[in-house]
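Work through the exercises below with the coordinates open. Try each task before reading its solution.

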Amino acid sequence: MKVVLVTGASSGIGEATARRLAADGHSLFLGARRVDRLAKLAEEIGGGYRRVDVTDAGEVRAFVDAAREAYGRVDVVVNNAGVMPLSPLEALRVEEWDRMIDVNVRGVLHGIAAALPVMREQGGGHFVNIASVGAYEVSPTAAVYCATKFAVRAISEGLRQEAAGGVRVTLVSPGVTESELADGISDPVAREAMRTYRALALPADAIAAAVAYAVGQPEGVDVNELVVRPRALA
Ligand code: NDP
């Protein structure tokens, strides 16, 4: 059984992943900014938690160090924390673009920077990076969000090639899934469009099951990319 760190474990896919992996017998260490939620979840499923803002490299290092201190090792890091304030480019919501880049791209890089040396020292480990179908296709209002997820896909593939024989790297790309992600959309047009689209959403456990599948493979098996969509969507 493994020591698994999950960022963005306070809701949605991160929470469902923590629940699923704990049920599979793994030891969980949960991270996010809303510690009250982490505390409640940790009490329910067992394991540790710590407040982490993934946009801060030092905080992510402290998060990984705390997990290592608690369990003695770090086997899997699920870089899941993400935000999606969609809007058309011409709305010029520059602050929201920056936030998506900071959380979705820098957050993943900070997770890699914090955990890769630990995994190297241990002789192995596994990164599971949560991207999106937006890592493969672009749609109106989602240009910057998709750019961040294309970046996560590129970073994951680069890490996989460079770290071959060392760490395992899995990219899990969900289609529309039940979570709090759309609550952060401030643009009224994008918000309305998302309301209709989200009616088809998958339960978050469908994505958690994909993560659990990759984590559960024998050490010599590296599951690289999983795209999970609602059947009803083309
Ligand atoms: P939620 O909004 O429910 O969860 C997002 C999580 O990210 C929360 O736990 C939040 O915790 C955390 N988070 C946000 N900003 C930060 C930060 N700066 N530092 C640390 N944690 C942060 O959405 P989802 O569960 O849907 O999102 C999880 C991942 O799945 C994201 O990467 C998202 O892009 C991806 N995804 C989701 C899809 C969907 O339809 N739901 C589809 C495709 C991809 P807190 O606010 O407590 O810090």
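The exercises cover helix packing and then the ligand site in this predicted model.

**Exercise 1. Describe the packing of helix α1 against helix α2, and name the residues in contact.**

Step 1. Locate the helices: α1 spans residues 12-23 and α2 spans residues 35-45.
Step 2. Take the geometry. The two axes come within 10 Å and cross at roughly 20 degrees.
Step 3. Classify the angle. Angles under 35 degrees count as roughly parallel, so α1 is roughly parallel to α2.
Step 4. Assign the hand: the α1 and α2 crossing is right-handed.
Step 5. List the contact. From α1 come Glu15, Ala18, Arg19 and Ala22; from α2 come Leu41, Glu44 and Ile45.
Step 6. Sort by class. This contact of α1 with α2 holds 4 nonpolar and 3 charged residues, with no polar ones.

**Exercise 2. Repeat the analysis for helix α3 and helix α4.**

Step 1. Set the ranges: residues 57-71 for α3, residues 94-122 for α4.
Step 2. Read the packing. The angle is about 35 degrees, and the axes are 7 Å apart.
Step 3. Assign the hand. α3 and α4 make a right-handed crossing.
Step 4. Name the partners. α3 supplies Ala57, Val60, Arg61, Val64 and Arg68. α4 supplies His110, Gly111, Ala114, Ala115, Val118 and Glu121.
Step 5. Sort the contact of α3 with α4: 6 nonpolar, 2 polar and 3 charged residues.

**Exercise 3. Which residues of α4 meet α5, and how do the two helices pack?**

Step 1. Place α5 at residues 143-162.
Step 2. Take the geometry. α4 and α5 pack at about 15 degrees, with axes 8 Å apart.
Step 3. Classify. α4 and α5 are therefore roughly parallel to each other. Their crossing is right-handed.
Step 4. List the α4 side: Trp97, Met100, Ile101, Asn104, Val105, Val108, Leu109, Ile112, Leu116 and Arg120.
Step 5. List the α5 side: Val144, Tyr145, Thr148, Lys149, Ala151, Val152, Ile155, Leu159 and Glu162.
Step 6. Sort the contact of α4 with α5: 14 nonpolar, 2 polar and 3 charged residues.

**Exercise 4. How many residues surround the ligand, and which are the closest? Then find polar contacts to arginine 34, aspartate 53 and glutamate 180.**

Step 1. Count the surroundings: 31 residues.
Step 2. Pick out the closest. They are Ser10, Ser11, Arg33, Tyr145 and Ser179.
Step 3. Check the side chains. A ligand oxygen lies 2.8 Å from an N or O atom in the side chain of arginine 34. A ligand nitrogen is 2.9 Å from an N or O atom in the side chain of aspartate 53.
Step 4. Check the backbone. An oxygen atom of the ligand sits 3.0 Å from a polar backbone atom of glutamate 180.

Key. Residues numbered from 1 in each chain as written. Predicted model: local features only at pLDDT ≥ 70, side-chain atom pairs only at ≥ 80, totals over all residues. Heavy atoms only, no water. Axes fitted to C-alpha atoms, helices over the stretch in contact; angles between N-to-C directions. Helix = DSSP H or I, 4+ residues; strand = E, 2+ residues; numbered from the N terminus. Parallel < 35°, antiparallel > 145°, perpendicular 65-115°, else oblique. Left-handed = near helix turned anticlockwise from the far one by under 90°. Contact = heavy atoms within 4.5 Å. Nonpolar A, V, L, I, M, F, W, Y, C, P; charged D, E, K, R; others polar. Near = heavy atom within 4 Å. Polar contact = N/O pair within 3.5 Å; in protein donor to acceptor, adjacent residues only side chain to side chain.
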